[in-house]
Amino acid sequence: MRTLLLSLSLPLGGALLAQPALTAANSVGAPGQDFPVSTGVVYNDPGNTGASVTYDFSQLPATGNRVYSYLSTGVTPSSSMVPTATLLFTDGGTDTLFYAFGANGLELRGERNAIVNGVFTYSDPGVELKLPCDYQDTWTDQLAASYSVQGFPVTRTGTITGVADGWGMLELPEATLDEVMRVKVHKVIDDQSALTSVHRSIDIYYFFNAILGHPVLKLTLDSTTVGAGNPVIVKSTEWMFGNGDVGLEEIDFDEVKFVAYPNPADGQVNLSFGAEGREARAVEVFTVAGQRVLQAALRTAGSEVNSAFDVSALVSGVYQVRVTFADGGNATQRLVVR
């Protein structure tokens, strides 16, 4: 059984899918936000284009996990080498991407990676994600940069094209999400130097739920050709709500003994217990890393909790709500704070 992440709907009822829209506020992480993901190396089919599509990736096999962080440019001295950047994106290793919001969306302004062993700036930044972005929106942008590898100058040119080509329901190994937008991004990058040439063709399928500030699923097909050699093709997957979430243990949806609503929430959250009739004593809210960020006492009257709790002070993201009952038992459910 897979954990179900409830969409914004009535407490105990379903909801019709609605077409999402991506904006800078709801689809790009803010400084200080971390997003754990599960990682894998295979996928069979990225799914169909169109409206109200069901994307079934419930059987993705996980081979690892990592945590992506969005940071302020002030946290590293290397930011001074990309003065136009306003946002850093990193997995905590040697690779860092430097972004800023331009007139057309989220632009890649610079990079730091192990191959270059330093930071370089794009003389012509490329739009990685058009913002705002609605279904069937498209974009094309050029990018250019110069850098050095072991003292040899390298010239980079490339093109980024994108299209928001589908939306609907997304099924992941540990969650089902309504109202998800798929954005396909195709990159062609050529690096030329006196030593050799490197050609890369990259297809990326991003799935956004227009709430979390980070793709809930990313599928990548990366083809790299060095000189006159044969292309090396690598597939990879990254998704949220699985083993990458290193916090509280997951439970099956059938075991959930309460419903938190509205979900997503930005203020007061109510709890409903249906016909269970169990007396709730306390509610706790945890980050995906297991840090408790809220605790409150509860008292029940029938199936409802009189004292709802407030999440307006929490940073946008995914949390786990744990309710403890008078008999010592507890139940857990995910909550999205926006």
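The following legends describe close-up views of a predicted model.

Local features are reported at pLDDT of at least 70 and side-chain atom pairs only at pLDDT 80 or more, whereas totals for chains, interfaces and linings use all residues. Residues are numbered from 1 along each chain as its sequence is written, and side-chain values use heavy atoms, with hydrogens and water left out.

**Figure 1. Overview of the predicted protein.** The protein contains one helix and 22 strands, taken from DSSP runs (helices, H or I, at least four residues; strands, E, at least two) and numbered from the N terminus. Of its 338 residues, 48% count as buried; buried denotes under 20% relative accessible area, exposed over 50%, and partly exposed the range in between (1.4 Å probe, protein chains only). About 15400 Å² of the protein is exposed, 50% of it supplied by carbon and sulfur atoms; accessible areas follow the Shrake-Rupley method with a 1.4 Å probe, and for residues only the protein chains shown count as cover. Among contacts with a separation of 6 or more, 57% involve residues 24 or more positions apart, a contact being heavy atoms within 4.5 Å.

**Figure 2. The open sheet β17-β16-β21-β22.** Four strands form this open sheet with antiparallel pairing, where two strands pair if DSSP finds at least two bridges between them. Strands β17 (292–297) and β22 (330–337) stand at the edges with a single partner strand each, so one side of each has no neighbour in the sheet. On average, neighbouring strands are turned by 20 degrees against each other, direction ignored; the axes are lines fitted to C-alpha atoms, for helices over the stretch in contact, and angles run from 0 to 180 degrees between N-to-C directions. Five bridges join β16 (residues 280–287) to β17, and the two run antiparallel. Glu284 stands opposite Gln295 in β17.

**Figure 3. The aromatic pair Phe57 and Phe207.** Rings of Phe, Tyr and Trp (its six-membered ring) pair if their centres lie within 6.5 Å, with planes under 30 degrees apart counted as stacked, over 60 as edge-to-face and the rest as tilted. By this rule there are eight aromatic pairs. Phe57 and Phe207 are edge-to-face, because their ring centres are 5.7 Å apart and their planes stand at 70 degrees. Phe57 lies in the loop between β2 (50–56) and β3 (64–71), and Phe207, 150 residues apart from Phe57, lies in strand β11 (residues 197–208). Phe57 is buried at 6% relative accessibility, and Phe207 is buried at 0%.

**Figure 4. Aromatic rings around Tyr68 and Phe89.** The rings of Tyr68 and Phe89 are stacked, 5.1 Å centre to centre with 20 degrees between the planes. Tyr68 belongs to strand β3 and Phe89 to strand β4 (residues 87–90), 21 residues apart. Both are buried: Tyr68 has a relative accessibility of 9%, and Phe89 has 15%. Ring pairs link these two residues with Phe35 and Tyr70 into a cluster.

**Figure 5. Surroundings of Ser69.** Ser69 is placed in strand β3 and is buried at 15% relative accessibility. Gln33 is 36 residues apart from Ser69 in sequence, yet the C-alpha atoms are 5.9 Å apart in space. Beyond neighbours within four places in sequence, Ser69 contacts Gln33, Asp34, Leu88, Phe89 and Thr90.

**Figure 6. Surroundings of Thr39.** Thr39, in strand β1 (residues 34–40), counts as buried at 12% relative accessibility. Its contacts outside neighbours within four places in sequence include Pro61, Arg66, Thr237 and Trp239.
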